[in-house]
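Open the model in your viewer and keep the sequence panel visible. Each stop below says what to select and what is there.

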Amino acid sequence: MCNCEKSRPSTMKFCKTSVRTLALAFCFGGFAGFMHLLLSVLPPDFLDRWHKLVHEKEHKNEDGVIRKDSNAGTIIYDRYGIVIATIVPPTSHMNGGKDGRTRRPLRASDSPCYMWQAVVASEDRRFFEHHGIDPKGVARAALSMTAGGGGSTITQQLVKNVFLTNERKWARKIAEVFLALLVERQMSKWEILHSYLNKIYWGHGMYGIETASAFYFGKHPSLLTLGECAMLAGIIPAPELLSPFRDPSRGKKPQARALRRMVEAGFLDAETAAFTVNEPLALGSDGLEAASGPWRAPFFVSEVLYELTQKYGRDAIFRDGLQVYTTLDLERQEIAEKIIREAAAEYDQERLTLAERGLVKAREKVEDLYKVRHEEINKGVARAVARVQAEWKRSNKNLAIMSGNSKISSKAMLAQAVAAASEKVNLNVVKKYSAAEKYLQGVVSSFEVELKEGAQSRLEGAVVAIEPLNGAVRILVGGRDYYESSFNRATLAFRPPASTFKPIVYLAALAEGPEVIFF
């Protein structure tokens, strides 16, 4: 009894110690797991990027002009040293830079109030209310991991653009939320918004509001109108797809959507929005010229930029003066682009021409059928009438049928017999040609559909040429026109194996030896 009582305190002490040890291990294990998760998605130069985002300051030179550190940009070469693309910093793209003077960096006061209002209304209406994370947006983002929706705040988008990738993974999303909370503690809302406008992608290889303003409208951001600000804010979700240089109406639709959201957010009244949406968008001539392609081999360059961004970060492309030597053969690349472009245009035209010719011939055949059917009906009716009349004469009857107080003469009976015979002939001939008529009408309808679809659709194509000895990519064309559709069909499109499977079959046959029977 005495031994049992003495053992109880030691047992309780052991249990308490075990629980505390497990709790401590769980705490540190969870923290270690979280840190491992965070580090797995952060870039190697995270600290450098963080310092530049949070602590980047403007400074004055001896002449008193405010400047940042010089940005050398990145030059991409083909295999022979020919320049494919020069990726310049955002502040180097302004027209004023052509005179050789260095422009000061964009200040927060240089952007009109309409710009930040349109962006906040379109991208994050509760931006000034939350602390980096919007609870409703988080719930929406949780669903979007499978549904493909959105939900990130402006702070989260800034974090993703500076530190993370576009991978749809929980680890990336958790890191994005954590970093957004940290950024909100280190930067004011206006600093976050200003940095966001200076770093996001606006399409056609343009980053930052100053570059986008010069590219699309040929002016400094401080001169942007309400309609121009709304258009720029409206294209943020998909700048390549919604670019006004791809289709002018695509500039008005996102503009109208941004204006509507500004009204809903209370930044604008409905009358001003309605007046603005009816105003034409005056696009800059420089942008129109550059829209044909600021880069040569744009599909290839976009892949190179993606790889550089993943490895070094977007800022390094502008800051470090990278000299990128690729395996591309620019001369053959441009030949392939021309072939794809001309062959696709030729196919589209040939499709329309064949559809028009087929439609004309099908309609002619329908008219011929109606003509033949009409002639056969006339001949059949004539024969039927002659036959009825001949039979009537041979019968030599002159009867009258009493119907109430009226009498139907034999001539009326003859007329009825003739009408019945004619109707019978007509029905028989129409029935005889009904199948052919139905078939030809179907042919006409199919050509009409083909003509309509041909006028609305465009053939696309892709070409990839790889050096078999070393795997070097010599040609990469992902579509007919990069600035109409930036989707790279050479690297991203899903397609059936089709003829690409034939080499596997042939190789298996050749591996069996020379005794192969060909039919």
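**Stop 1: a small set of strands**

Select Ile76 and Val324; Ile76 stands opposite Val324, which is in β5. Keep in mind that this is a predicted model.

Now extend the selection to strand β3, residues 74-77, which pairs with β5 in the parallel sense over 3 bridges. Next, select Tyr77. Which residue of β5 does Tyr77 stand opposite? It is Tyr325. Tyr77 also has a partner in β4, where it stands opposite Val83.

Add β4 to the view. β3 and β4 run antiparallel and are joined by 4 bridges. Strands of a sheet pair through backbone hydrogen bonds, either parallel or antiparallel. Follow the chain from β3 to β4: the two form a hairpin with 5 residues between them. Gly81 is in the turn and has a positive phi of about 85 degrees.

Show the three strands together. They make an open sheet in the order β4-β3-β5, with mixed pairing. β4 (83-87) and β5 (323-325) are the edge strands, each pairing on one side only. From one strand to the next, the twist averages 15 degrees.

Then select residues 298-312. This is helix α14, which lies across β3, β4 and β5 and runs at about 50 degrees to β4.

**Stop 2: helix α7 and its surroundings**

Select helix α7, residues 189-199. How many of the 11 residues of α7 are buried? The count is 8, and the helix is mostly covered. The buried residues are Lys189, Ile192, Leu193, Ser195, Tyr196, Leu197, Asn198 and Lys199. To see what covers them, add α2 (46-55), α3 (113-123), α5, α6 (170-186), α8 (209-217) and α15 (314-319), against which the buried residues of α7 pack.

Zoom in on Ser195, which lies in α7. Its relative accessible area is 10%, so Ser195 is buried. Leaving aside neighbours within four places in sequence, Ser195 is in contact with Leu53, Leu158 and Met187.

**Stop 3: α5 against α7**

Keep α7 on screen and colour helix α5, residues 154-163. Two packed helices are described by the angle between their axes and the distance between the axes. For α5 and α7 the angle is about 45 degrees, and the axes are 10 Å apart. This angle makes α5 oblique to α7. The crossing of α5 past α7 is left-handed.

Show side chains for the contact. On the α5 side, select Ile154, Thr155, Gln157, Leu158 and Val162; on the α7 side, select Ile192, Leu193, Ser195, Tyr196 and Lys199. By class, the contact has 6 nonpolar, 3 polar and 1 charged residues.

**Stop 4: α2 against α6**

Hide α5 and α7, and leave α2 and α6 visible. These two helices pack at an angle of about 40 degrees, with axes 11 Å apart. Is the crossing of α2 and α6 right-handed or left-handed? It is right-handed.

From α2, select Phe46, Trp50, Leu53 and Val54; from α6, select Leu179, Leu182, Val183 and Gln186. These residues make the contact. They divide into 7 nonpolar, 1 polar and no charged.

**Stop 5: α3 against α9**

Bring up α3 together with helix α9, residues 226-234. Their axes come within 8 Å and cross at roughly 35 degrees. α3 passes α9 in a right-handed crossing.

The α3 side of the contact is Tyr114, Met115, Ala118, Val119, Ser122 and Glu123. The α9 side is Leu226, Cys229, Ala230, Leu232 and Ala233. The residues of this contact divide into 9 nonpolar, 1 polar and 1 charged.

**Stop 6: a glycine in a loop**

For the last stop, go to the loop between α17 (410-456) and β8 (463-466) and select Gly461. Is Gly461 buried or exposed? At 18% relative accessibility, Gly461 counts as buried, because buried means under 20% relative accessible area.

Add Gly478. The two glycines are 17 residues apart in sequence, and their C-alpha atoms are 7.0 Å apart in space. Finally, show what Gly461 touches, not counting residues up to four places away in sequence: Ile340, Val477, Gly478, Gly479, Arg480 and Arg489.

Key
Residues numbered from 1 in each chain as written. Predicted model: local features only at pLDDT ≥ 70, side-chain atom pairs only at ≥ 80, totals over all residues. Heavy atoms only, no water. Axes fitted to C-alpha atoms, helices over the stretch in contact; angles between N-to-C directions. Parallel < 35°, antiparallel > 145°, perpendicular 65-115°, else oblique. Left-handed = near helix turned anticlockwise from the far one by under 90°. Contact = heavy atoms within 4.5 Å. Nonpolar A, V, L, I, M, F, W, Y, C, P; charged D, E, K, R; others polar. Buried < 20%, exposed > 50% of the residue type's maximum accessible area, 1.4 Å probe, protein only. Pairing = 2+ DSSP bridges.
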